[in-house]
Amino acid sequence: MEGAGDSAEPNTSLFPIFPASDSSQKSSSDVPQWLQNTSFTTDLSVIRESVASRYDITYPVGEEEEGGEGHAQEPPQAKAPPSYDLLESSASDRDHDSDSKREKRSRKKKKRKRKRSQDAARREGDDYASRKSGVRAWEGSDTKPAKDYYFDSRGDRDNLVFGCLYRMDVARYKLQNRSSSSGSNFRVLYRGRNWGPFSNADEDIDALDGKLRSEGRYWSSKYSALERHKGFKRVRVVALDRSLNIAGEFIPFTESVEVEAPKNVTANEESWEDEVLRKTKEFNKMSREAPHDEKIWLAFAEFQDKIASRQPQKAARLQTLEKKISILEKATELNPDNEELLLCLLKAYQSRDSTEVLIERWEKILMQHSGSSKLWKEFLRVARGEFSKFKVSNTRKMYAHAIQALSSACGKLCRQVNQTAKPPSMDPAIIQLELDVVDIFVSLCRFEWQAGYQELATALFQAEIEYSLFCPSLLLTEQSKQRLFEHFWSSNDARIGEDEALGWSTWLEKEEENRQKIIEDSSQEKEGGWTGWSLPSPRNNEISTDPDDLNNDVIAAEEVGDDFETEDVKEEDEIEALLKKLGIDVDAEAESEVKDASTWTRWSEEEILRDNEQWMPVHEKSGASYNDEAPDREGDEQLLGVILFEDVSEYLFSLCSEEARLSLLSQFIDFFGGKISQWASTNSSSWIENTLSLEALPDSILEDLRNIHEVMTKKESALSNFNLEFLLGSSIDISRRTSMMKFLRNAILLCLAAFPRNYIMEEAALVAEELFTTRMNTCTSSVTPSRALAKSLLKNDRQDLLLCGVYARREAASGNIDLARKVFDMALSSIEGLPMDLQSNAPLLYFWYAEAELANCQGNTSESSSLRAIHILSCLGSGVKYSPFKCQPSSLQLLRAHQGFKERIRMLRLDWARGIIKDHSVALVSSAALFEALTTGKSAGVGVLEETFSMVLPERKSQSSQLESLFNYYVEMLQKHYKQFQLSRVWESILQGLKIYPYNPKIFCAFVGISHLYTVPHKVRWIFDEYCNKKPSVICWLFALSFEMGRGGSQHRIHGLFERALANDKLHDSVVLWRCYIAYEIYVACNPVSAKRIFFRAIHACPWSKKLWLDGFVKLNSVLTAKELSDLQEVMRDKELHLRTDIYEILLQDEIK
């Protein structure tokens, strides 16, 4: 037996691959080899004590588990760590144990094999089977799996059965050793009382799964309610500020300063109530220490909004609103002249008070701050958007009060500045205030135009331009000036924009000459001779004082009045009889007469047609004479088009600064659809307000949107025919566009007397002439339409170099490059004989000439045009006298040009640092960049522009229209030659441009154009959302919508964009967004019922827009009944919108047909 036992002993080892050596069998102890591993003999309490001492963890002390049968047990000690002793067993026991274990293992293997076969069969029948069998392969393994993640492509139905996720599908986390992460200075606020960094190591994970199933995970309703509870303690990671003491004058970029993490971590608990109390205490302390810091008060008020968002009860939210109002009232009491605090307070009042009370509060504050243009602009926006109280006449009065108050403030500032040696036209405060008055005036004109009073809007522009730009050079008070202007306005002479207009000052001079001639003629007649026949006054015309005669006269007058009344009644009876013969009952109600919605559709179409035709005011005398000759409908319309002096007198104001006058004229040209260079920075309030008040998309923005649509449709496989231009349709009628261009051409040519040698106005006049002539003459011709006008202007001033350049550019744009070269060569050759102030504009001519040559690069002429451009730019850089192109420039000339450009740009650095940025200096930098791009490479040209931008402070860069045009050129160069740069560089440059100019449509167009080459649509959407939230504007939302429509995006995404845009306080008044939304629902989403709801929301938000009201008649006639359309027209009349067509005219047309 012993021998057998000895012989069988080596076969009973669990690891037969490694047989035991003789030395191991002769050891002093007969312990089995599989228990001699160090992992079984290590004291685990040492590990647990080291971890607990390091993280201050206390483990609960429990009883030891009982051993199996036949094992020796020792009594447990109170606080002794658990120890494990080796057990001895005989050879027979070991053989018996090994046999039983082998049988158990074999049974388990068979059971697992049978289970695997069943699972495989189940998976073949059901694709959505459980995935636990696949997970078992790696759940207990110590080796790293092949993949760190798995895609759940089929789903797990067990999640629905058990109500939770499978425990192996939930990510597991290990505690990070905080001491090893140097430089990460943070502290953790522990919110749970019984939560520790370690869970109990002896706790069974299956028991933990059962606990989660019973209590739910973090997404369950129980924990959601707990999160919303104001007493819940939350876990947050709060970064600590690093206080670095650096001895040097700058922070080195190469060295990184590491700060050790704090050894002692404090546990702080803070609920929502604790946070409210803490922050309130902090805000109270800061407001006491710095009562004049507006940011503290505004942050305090914003924190009240955060508190109100957490309160479900309406009464609690109202109480928080009252607290916010009291905070802002205290802030305005301490800072009475702070406009931001006043606006925040009035916005809080708007959430609480009624419309009447709110308007009273606004009026009270405006009485105290009548010279604040910012408050007046916000007040006009709020008052205009109140649907219940809106009327055109009331809003018109508010605009009159605003203009009069701000013009009085301008006059007061001018009188104060006159007492000093500085002229008023140079004072920055006066310039800014006059610019704000011009913006409010243009807003009034746009309001009148959109309300249907086009003649009044045009007359307002005519009156103000005449009043401010063509004022006689006389020392007059404001009252005397208005009386003199009334004489001019009431005359029958032409005003600005009309044929044969002279201007107010010239007209007054001619009137004075005519008066002097009349006086001379009358004095010659009084010297002697017959003076003509004179009839004596009849006696019966003398006034009688006899009471009987007076009574007789009164009785006779009454009889005559009765006769006239009877005649009027007879005429009315005859008209009613005629209408009854036509089948029209006058006494019937309007809604019973129009029973078909198509009648209202034809009425709206006729109304739109008349709006396009009738926009020019009519003179009083011509209107009266026309009415006498033809007392019909057209005569009545002519009478309605007469604008008297009383209609415009309340809105007239004087301008003394050149910037304000130029702004008025530029916005006038832009208002009537003229093409003009960028007249203001896109970050200016004028540009932002102009885009907010758009009713239709202008050509400049439509061109960029078309480019985006072309790029997106080329990229996407499924073409989308829907874009914003399709939704809104044509913005202007062709005949109306032609008459407007003639009106603009006449007005600009007259204004050139006030702005001599202004190339922007001259170019606008030539473009208006081209548009007018092209519309009139549809036949094609090689002659440039503006050639005759340009030559006539050059005859008047042959030293106007920039006019020569503008004329040459128009010829080059029309394809006449040879004639353009002759004009450019003539102008550049005659520069040296001109005064120095005119020679400073030479870089503009050189740059325009080079651009025209590069634009002419086609086919075989591309090399020749490039050489010509290099020759032109080298003459500018080297400073030599210009000579026409004959051959390729030499290397020496190119070297001199390189050095010359560098020297001239270095000289500009001082002026640009002080904010003196002129158009010719921007042209010089652009010429240098273009020269480097043609000779050295595109990267060198872009580098010149980037170096130039570094010379200007960021604040001045964002407010300068010249620098913005230079940045547009920089982006255009990057976009045109993107293949020669890294896309990351182009992308980062465009994003940097969006940060500086977040309202620039050119940069948004380049952003979308490059995005499909560099990144995915999701990132583009993320950037659009970021700018829409931080810098909301109509431009940003329009390009985001165009991007989605071009890609054929989801309707839910587009609906979300519209709703988010119109939920903004300022964008809520954007007519163009509302019109796009309505058209999208009708033409793309094909949901007229939803469009009807949006239409009612739109007219409630923008009740002044007549075009928005008429969209309901034209586009929603399928869902709006005749009764509803009739009610809409009545509401339009009640709001005092100008309606030119009577419904009876449409009914008469139906009867006649």
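# A guided tour of the salt bridges, patches and loops

Welcome! Counting across the chain gives 45 salt bridges. The model you have open is a predicted one, and this tour walks through some of its charged pairs before turning to patches, loops and one buried glutamine.

**The whole chain**

Start with everything shown as a cartoon. You will see 53 helices and two strands in the chain. Now colour by burial: of the 1153 residues, 40% count as buried. Switch on the surface next. The accessible surface of the chain is about 67,700 Å², and carbon and sulfur atoms account for 52% of that area. For a sense of how the chain meets itself, take the contacts with a separation of 6 or more: 69% of them come from residues 24 or more positions apart.

**Stop 1: Arg610 and Glu1145**

Why look at pairs like this one? Side chains of opposite charge can pair when their charged atoms come close.

Select Arg610 and Glu1145 and show their side chains. The two form a salt bridge, and their closest N and O atoms are 2.6 Å apart. This pair links distant parts of the chain, with Arg610 in helix 23 (residues 597-613) and Glu1145 in helix 53 (residues 1143-1152), 535 residues apart. Is Arg610 buried or exposed? Arg610 has a relative accessible area of 4%, so it counts as buried, the cut-off being under 20%.

**Stop 2: Glu946 and Arg985**

Move on to Glu946 and Arg985. Their side chains meet in a salt bridge, at 3.4 Å from N to O. Glu946 belongs to helix 41 (residues 938-949) and Arg985 to helix 44 (residues 983-996), so the salt bridge ties together parts that are 39 residues apart in sequence. Both ends have some accessible surface to look at: Glu946 is partly exposed at 30% relative accessibility, and Arg985 is partly exposed at 27%.

**Stop 3: Arg1097 and Glu1059**

Now select Arg1097 and Glu1059. Here too is a salt bridge, with the closest N and O atoms 3.1 Å apart. Arg1097 sits in helix 50 and Glu1059 in helix 48 (residues 1051-1062), so this pair ties together parts that are 38 residues apart in sequence. Arg1097 is partly exposed, with 36% relative accessibility, and Glu1059 is partly exposed as well, with 31%.

**Stop 4: a network**

Next, select five residues at once: Glu455, Glu607, Asp611, Lys1106 and Arg1140. Salt bridges link these residues in a network.

**Stop 5: two charged patches**

Turn the surface back on and colour it by charge. Which residues gather in a patch of positive charge? Select Lys104, Arg105, Arg107, Lys108, Lys109, Arg112, Lys113 and Arg116, and you have that surface patch. Pick out Arg116 as your landmark: it lies in helix 5 (residues 91-125). Arg116 counts as exposed because its relative accessible area is 52%, and the cut-off is over 50%.

For the opposite charge, select Glu486, Glu620, Glu646 and Asp647. These gather on the surface in a patch of negative charge. A good landmark here is Glu646, which is found in helix 26 (residues 645-648). Glu646 is exposed, with a relative accessible area of 52%.

**Stop 6: two loops with a positive phi**

Hide the surface and show the backbone around Arg757. This residue is in the loop between helix 31 (734-751) and helix 32 (759-776). Its phi is near 55°, a positive value in a residue other than glycine. Arg757 is partly exposed, at 36% relative accessibility.

Then go to Cys1086, in the loop between helix 49 (1071-1083) and helix 50 (1088-1101). Cys1086 is not a glycine either, yet its phi is positive, at about 55°. With 57% relative accessibility, Cys1086 counts as exposed.

**Last stop: Gln304**

Finish by selecting Gln304, in helix 11 (residues 294-309). At 1% relative accessibility, Gln304 is buried. What is Gln304 in contact with, leaving aside its neighbours within four places in sequence? Show the side chains of Thr320, Lys323, Lys324 and Ile327, and you will have those contacts on screen.

Notes:
Residues numbered from 1 in each chain as written. Predicted model: local features only at pLDDT ≥ 70, side-chain atom pairs only at ≥ 80, totals over all residues. Heavy atoms only, no water. Patch = residues over 30% accessible without salt bridge, like charges linked within 9 Å, V, L, I, M, F, W, Y side chains within 5 Å. Areas by Shrake-Rupley, 256 points an atom, 1.4 Å probe, with all protein chains shown as cover. Salt bridge = Lys/Arg side-chain N within 4 Å of Asp/Glu carboxyl O. Lys, Arg positive; Asp, Glu negative; His and termini not counted. Charge placed at Lys NZ, Arg CZ, Asp CG, Glu CD. Helix = DSSP H or I, 4+ residues; strand = E, 2+ residues; numbered from the N terminus. Buried < 20%, exposed > 50% of the residue type's maximum accessible area, 1.4 Å probe, protein only. Contact = heavy atoms within 4.5 Å.
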